[in-house]
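Biologist: I would like to go through this structure with you step by step, with the reasoning spelled out for someone in a first year of study. Could you put it on the screen before we begin?

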Amino acid sequence: MLQDDISPITDLESKLLLQYTNQSATNEQLIPELISLIHSKGWFRALIDDTSWQHPVSLPELLALEEALARIDGSLGWTVTLCSGAGWFAGFTAEQTRKEFFSGPEVCIAGSGAVGGKAEVTEGGYIISGYWKYATGAPYATAFTGNCTTGTGEVLAFLFKKEEITLHQTWNSIGMTATASHAFSVEALFLPASRAFRIAPEYATHPHPIYQYPFLQLADTTLSINMAGMARHFLDLSYAVFFSEEFALKNGDLRAGQIRAAWISQHNLLLTTKHNFYTSVHRSWEVCEQGQKLNDALLEAVSARSLALAKTARDVVTNLFPYGGLSFADKAQLINRIWRDINTAGQHSLLVR
């Protein structure tokens, strides 16, 4: 692994996580041992405030963790990112709802950002029907969230208990297989009004600054840093190939030198883009921590540098992949899984706008 910064994951943890994620890729969902480890670390609960368990981490801390996890395995980083991101909704719910759905060490919230349902207003609450795709972590979720339109055209988010939804085994992508991002649905389900919430800083019900950070930029930063983590894993593995004596003997010194120069260029480009990304993130987080309103220019910079990071990560892998020849095209090779993962994750609608 390239030691160009400090990881919040120890080498021992990395080896154990890699073992678990390799098994998870075969099983096409995170194995129970890995889920137990995630719960013990509190990673699904990183953005939930529960004084009996933990407090939310800062945004820079969250991103450093997610990058490190995605650098070990794309499905691991993505699942922790999406499920902890759904846990962030705790800061927008009423206290009793927060206690019911977001308390305890084994909480895992899955959901979809798409508006997949309709909510009909009725006495005491709503009648919900809908179908939502791509609920990452669905098999281990203790609850689900989904967005619905109401009769007035307003979009509300709702919380569903796992026994209230029907899970559909729909995830069949070439990559990110262990995210188990299946679909779920409900039909004519009554939910009390307390299960509805709005996601915007002005509707936060908890004072922690993380709940004042806008949803779009939270999504932009967390998804993009996953792309960077996967790209860095690709760089780690391709370095071991391109800079080996065997590679030089096979390709000749001149050709090997050209490929190594290309690797160095792409590596430096990714790190520079990541540095610019973190600079904007830190600047915005400092404003948020100080209780000040984030202005549009700062938020636009965060989004722009997030999208630039995601694009650069994808381009780095695309540009270097052909130099690996058919060995990189072997589905049994870890580096091929990374290539499939980053090209699957990169299809997320927020990363291609």
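Biologist: Let us begin with two helices, H3 and H8; at roughly what angle do their axes cross?

Modeller: This is a predicted model, and everything I say about the helices is computed from it. Helix H3 covers residues 59-72 and helix H8 covers residues 253-289, and their axes come within 9 Å of each other. The angle at which these axes cross is roughly 150°.

Biologist: Is H3 roughly parallel or roughly antiparallel to H8?

Modeller: The axes of H3 and H8 cross at roughly 150°, and an angle counts as roughly antiparallel when it is over 145 degrees. The relation of H3 to H8 is therefore roughly antiparallel.

Biologist: Which residues of H8 make the contact with H3, and how many of the residues in that contact are nonpolar?

Modeller: From H3, the contact is made by Leu59, Pro60, Leu63, Ala64 and Glu67. On the side of H8, the residues are Lys274, Phe277, Tyr278, Val281, His282 and Trp285. Sorted by class, the contact has 2 charged residues and 1 polar residue, while the number of nonpolar residues is 8.

Biologist: Leu59 is part of that contact; what does Leu59 touch beyond its neighbours in sequence?

Modeller: Leu59 also belongs to the largest nonpolar core, which has 64 residues, and is listed there with Trp88, Phe102, Tyr213, Met227 and Phe234 as having the most contacts inside the core. As general background, nonpolar side chains in soluble globular proteins tend to be buried together. When residues up to four places away in sequence are not counted, Leu59 touches Ile210, Tyr213, Leu218, Thr221, Val281 and Trp285.

Biologist: How many residues are in the other core that lies apart from it?

Modeller: Ile35, Leu37, Leu65 and Ala68 are among the members of this other core. The number of residues in this core is 22.

Biologist: Turning to the loop between S5 and S6, is Thr179 buried or exposed?

Modeller: Thr179 lies in the loop between strand S5 (166-168) and strand S6 (182-192), and among the residues that Thr179 touches farther along the sequence are Ser75, Trp78, Thr136 and Trp171. Its relative accessible area is 0%, and a residue under 20% counts as buried. Thr179 is therefore buried.

Biologist: Which residue's backbone oxygen does the side chain of Thr179 reach?

Modeller: The distance from the side chain of Thr179 to that backbone oxygen is 2.7 Å. The residue that carries the oxygen is Met176.

Biologist: What is phi of Ala180 near, and what is phi of Ala188 near?

Modeller: Most residues other than glycine have a negative phi. Ala180, in the loop between S5 and S6, has a positive phi, and Ala188, in strand S6, has a positive phi too. For Ala180 the value is near 50°, and for Ala188 it is near 50°.

Biologist: Where those two residues are concerned, which is buried and which is exposed?

Modeller: A relative accessible area under 20% counts as buried and one over 50% as exposed. Ala180 has a value of 0% and is therefore buried. At 51%, the residue that counts as exposed is Ala188.

Biologist: Ala114 sits in strand S1; which residues does Ala114 touch, leaving aside those up to four places away?

Modeller: Strand S1 covers residues 109-122, and Ala114 within it is partly exposed, at 44% relative accessibility. The residues that Ala114 touches are Trp132 and Asn147.

Biologist: Is Asn147 itself buried or exposed?

Modeller: Asn147 has its place in strand S3, residues 143-150, and is in contact with residues including Ser112, Ala114, Gly116, Trp132 and Leu156. Its relative accessible area is 13%, which is under 20%. Asn147 therefore counts as buried.

Biologist: Finally, how far apart in space are Tyr134 and Gly113, C-alpha to C-alpha?

Modeller: Tyr134 is in strand S2, residues 125-135, and is exposed, with a relative accessible area of 53%. Tyr134 is in contact with Gly111, Trp171, Ser181, His182 and Ala183. Tyr134 and Gly113 are 21 residues apart in sequence, and their distance in space is 9.0 Å.

Conventions
Residues are numbered from 1 along each chain as its sequence is written. This is a predicted model: local features need pLDDT of at least 70, side-chain atom pairs count only at pLDDT 80 or more; totals for chains, interfaces and linings use all residues. Side-chain values use heavy atoms; hydrogens and water are left out. A nonpolar core is a set of buried Ala, Val, Leu, Ile, Met, Phe, Trp, Tyr and Cys residues joined through side-chain atoms within 4.5 Å. Buried means under 20% relative accessible area, exposed over 50%, partly exposed in between (1.4 Å probe, protein chains only). Contact means heavy atoms within 4.5 Å. Helices (H or I, at least four residues) and strands (E, at least two) are DSSP runs, numbered from the N terminus. A polar contact is a pair of N or O atoms within 3.5 Å; within protein, one must be able to donate a hydrogen and the other to accept it, and residues adjacent in sequence count only if both atoms are side-chain atoms. Axes are lines fitted to C-alpha atoms, for helices over the stretch in contact, and angles run from 0 to 180 degrees between N-to-C directions. Angles under 35 degrees count as roughly parallel, over 145 as roughly antiparallel, 65 to 115 as roughly perpendicular and the rest as oblique. Ala, Val, Leu, Ile, Met, Phe, Trp, Tyr, Cys and Pro count as nonpolar, Asp, Glu, Lys and Arg as charged, and the others, Gly among them, as polar.
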